[in-house]
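This report goes through a single model, covering salt bridges, strand pairing, nonpolar cores and one surface patch. The sequence and coordinates come first.

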Amino acid sequence: MTRSLLALLRSWLVWLVLVGVAAAQEPLPETPVPDDLPPFTIPGLPSPAPAPVPAPMPMPMPPPPVPAPSWQPPAPITPIPMGSGRVFIAPFQSYDPALNSEAARLTQILQIHMQARYPVATIDEVPPWPDYSALVYLLACPQGQYAGCALVCGNRVAAQWTVGGTVTRGLQGVNTNLTFVENLSGREVINFGVALHGSNDIDLLRAVDTILGKLVEGAFASVDLRRAEVDPAERARLEAARNQVLAESLAELERQEGAVERAEVEAAEKEKLEKEKLVAEYKDREEVKPWEKAGLSEGAFVRYKNSGLPLADWKDRARGRQASLIARAGLGAGSGPFGQYFDGRYAIDDDLERAEVEQYQFVSRAPHVHIDLEAGFGILPFLDITAHYAYRNSQFIYLINQERIGAPVIVDAPVQNSYATWQAGGRVAIVPFPVRTVRPAFHVGVAFWRGSSWDKLIDGVNDLEPMTPMSQVLVQVGPGVEVETGDRISLFVRTLLDMSVAGQTVERFNDGQASLQVRADPSTFQNSNAGLTLQGGLTLRVRLAKGRQDDDDRPSNRFEGEDTL
């Protein structure tokens with residue numbers, strides 16, 4: 001029986017082996033797995049983290065690189081987000097190569113200053129164009145289109161505001177014209193000038209801080225003006241509010257900072273500053289007054305602000321003639337005591353010997369033309385003293401008559417010629433309001449005039465006696481007008497009243513026995529001692545010394561300007 005059980009067990013094991021082999025040779029049917037099958041979890045235990053996917057094995061031989069094209073288009077510009085405060089500092093531009101280094105310096109100090117206050121973008125961040133960089137594009141911008149070129153660069157770096165400027169040469173330094181552009185609306189909001197003397201960069205930075213601070217406050221940036229659905233009336237109201245804030249901000253900045261000027265703003269015309277209101281506004285303040293900071297008196301500061309000139313230019317013009325060499329040249333014409341009349345008569349006897357001679361000469365009123373040259377020195381802003389020399393051409397009339405004793409007398413007609421004379425003397429010119437382009441003038445002077453003698457003008461008469469040349473002392477006074485036409489050059493027109501106050505203007509000579517039948521009648525001689533001249537020309541001023549800019553605040557250097565008149 002034991003053997004039977006063992007045989008049965010062996011048969012059963014063989015059957016199991018055969019069944020297993022057959023099952024291994026047939027594929028198992030695929031069971032679909034639902035996509036939303038929840039992960040398998042065991043209650044009470046955390047879910048296992050998914051196994052990391054192994055990185056693919058690197059290829060043994062990488063594919064050959066594809067050559068890059070010679071030019072790739074710049075990356076697309078991200079739309080400007082509303083409310084972004086990014087500021088693009090555009091490089092300052094100069095159209096004078098000598099000022100390129102100054103333009104670069106101002107750009108650098110403005111970038112450093114603004115980086116502590118706003119998110120700043122520089123020209124290096126602007127994507128280039130196919131054939132040139134953004135810096136080349138901006139510096140090659142045509143004159144008068146700087147704001148538009150700066151706007152293009154600012155948009156390429158997604159800036160909300162673009163700040164830049166141009167640099168020009170001033171009388172005592174450089175002038176900058178700051179430009180503020182709103183990239184959202186694509187419009188130049190404001191531009192104004194700042195006069196720099198090399199030591200007041202802080203004025204430039206303070207001006208940018210003041211205006212840009214008003215622009216980014218948000219009071220008028222809450223509505224995107226590019227949106228078509230904005231009501232036109234609302235658009236106009238927002239722009240009017242913007243312009244009013246800017247105008248008030250810049251006006252306040254002008255009152256506080258002596259070097260800041262407004263060149264242009266889209267707002268109502270600037271009101272004239274009044275001295276009484278200015279003094280009253282700062283009467284109880286302990287801070288330094290704006291006119292003291294500018295080195296001016298109250299009245300001069302008011303005139304400076306109302307002139308529209310940069311401070312350096314205004315101060316230079318306010319110095320007027322002071323400490324300057326003065327050269328003046330003019331052409332004139334008129335009628336006055338510059339002609340001469342000579343009457344010479346003599347009688348001869350039968351032996352042809354002179355029996356009697358009678359001669360008269362005197363200064364007569366006659367038309368004249370002249371060249372007038374002056375050179376001198378400016379004593380005060382409105383006063384100069386010059387020495388002058390004039391070469392004058394006028395009229396010489398003479399009559400020479402010979403008689404023979406016992407013969408009929410025939411008197412010849414007078415002969416008229418031109419002749420040259422000269423005069424020299426000194427003048428004082430009083431020209432108030434040196435800052436104005438057109439200003440009144442008053443001239444007063446004294447001159448010595450010298451005529452000629454008949455024997456220097458007439459040849460071949462040996463029976464008459466030489467006479468002393470005529471001479472006189474003249475006082476010249478008269479008003480005029482001066483017009484500033486350029487740096488140190490002005491044109492003038494003046495009238496001068498010439499009055500003879502001393503000198504030898506009449507002379508008579510007689511010798512021999514009374515033999516003349518027809519004598520001259522002195523009562524018919526029209527002697528003159530006054531005349532009028534009209535003159536025009538130009539004045540050149542050459543400054544000998546310039547005041548130190550850092551000393552302008554000292555009381556001894558304060559400009560009184562027109563207050564001294």
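## Salt bridge between glutamate 465 and arginine 354

In this predicted model, glutamate 465 and arginine 354 form a salt bridge, with their closest N and O atoms 3.2 Å apart. Glutamate 465 sits in the loop between helix 11 (454-457) and strand 13 (471-486), and arginine 354 in strand 9 (residues 354-380), so the bridge ties together parts that are 111 residues apart in sequence.

Glutamate 465 has a relative accessible area of 28% and is partly exposed. Arginine 354 also is partly exposed, with a relative accessible area of 28%.

## Further salt bridges

Strand 9 also holds glutamate 356, whose side chain meets that of arginine 519 in a salt bridge (2.9 Å, N to O). Arginine 519 lies in the loop between strand 15 (506-512) and strand 16 (530-543), and the two residues are 163 residues apart. Are the two partners buried or partly exposed? Glutamate 356 counts as buried, because its relative accessibility is 2% and the cut-off for buried is under 20%. Arginine 519 is partly exposed, with a relative accessible area of 34%.

Salt bridges with shared partners join Arg321, Arg328, Asp372, Glu374, Asp384, Arg427, Arg439, Glu482, Glu484, Arg494 and Arg541 into one network. The count for the model comes to 22 salt bridges. One of them is formed by aspartate 96 and arginine 169, whose closest N and O atoms are 3.1 Å apart. This pair links distant parts of the chain, since aspartate 96 is in the loop between strand 2 (93-94) and helix 2, arginine 169 is in strand 4, and 73 residues separate them. Aspartate 96 counts as partly exposed at 26% relative accessibility.

## Pairing of strands 13, 14 and 16

Strand 13 and strand 14 pair in the antiparallel sense over 13 bridges. Within this pairing, leucine 474 stands opposite serine 500 in strand 14. The two strands form a hairpin with 2 residues between them, where arginine 488 takes a positive phi near 75°.

Strand 14 also pairs with strand 16, in the antiparallel sense and over 11 bridges. Here leucine 491 stands opposite leucine 538 in strand 16.

## Nonpolar surface patch

Leucine 491 and leucine 538 both belong to a nonpolar surface patch of about 880 Å². The other members are Leu325, Phe377, Ile379, Leu380, Ile385, Ile489, Leu540, Val542 and Leu544. Which strands supply at least two residues of the patch each? They are strand 9, strand 14 (489-504) and strand 16.

Valine 542 is found in strand 16. With a relative accessible area of 41%, valine 542 is partly exposed.

## Surroundings of glycine 330

Glycine 330 lies in strand 8 (residues 324-348) and counts as buried at 6% relative accessibility. Leaving aside neighbours within four places in sequence, glycine 330 is in contact with His370, Ile371, Asp372, Phe492, Gln535, Gly536 and Gly537. Of these, Asp372 is also a member of the salt-bridge network.

Glycine 330 and leucine 534 are 204 residues apart in sequence, while their C-alpha atoms are 10.0 Å apart in space.

## Nonpolar cores

In soluble globular proteins, nonpolar side chains tend to be buried together. The largest nonpolar core in this model has 27 residues, and Leu110, Met114, Val163, Leu178, Phe180, Phe192 and Leu212 touch the most other members. Two or more residues each come from strand 1 (87-89), helix 2 (100-115), strand 4 (161-169), strand 5 (174-182), strand 6 (187-196) and helix 5 (201-215). Helix 5 gives the largest share, 6 residues.

A second core, separate from this one, has 17 residues. Its members include Val363, Ile400, Tyr419 and Met470.

## Hairpin of strands 5 and 6

Strand 5 and strand 6, both contributors to the largest core, pair in the antiparallel sense over 9 bridges. One bridge joins threonine 176 to valine 194 in strand 6. The strands form a hairpin with 4 residues between them, and glycine 186 in the turn has a positive phi of about 65°.

How many of the 10 residues of strand 6 are buried? The number is 9, so strand 6 is largely enclosed by the rest of the structure.

Methods
Residues are numbered from 1 along each chain as its sequence is written. This is a predicted model: local features need pLDDT of at least 70, side-chain atom pairs count only at pLDDT 80 or more; totals for chains, interfaces and linings use all residues. Side-chain values use heavy atoms; hydrogens and water are left out. A nonpolar core is a set of buried Ala, Val, Leu, Ile, Met, Phe, Trp, Tyr and Cys residues joined through side-chain atoms within 4.5 Å. Buried means under 20% relative accessible area, exposed over 50%, partly exposed in between (1.4 Å probe, protein chains only). Two strands pair if DSSP finds at least two bridges between them. A salt bridge is a side-chain nitrogen of Lys or Arg within 4 Å of a carboxyl oxygen of Asp or Glu. Patches are made of residues with over 30% relative accessible area and no salt bridge: like charges are joined within 9 Å, nonpolar side chains (Val, Leu, Ile, Met, Phe, Trp, Tyr) within 5 Å. Accessible areas come from the Shrake-Rupley method with a 1.4 Å probe; for residues, only the protein chains shown count as cover. Contact means heavy atoms within 4.5 Å.
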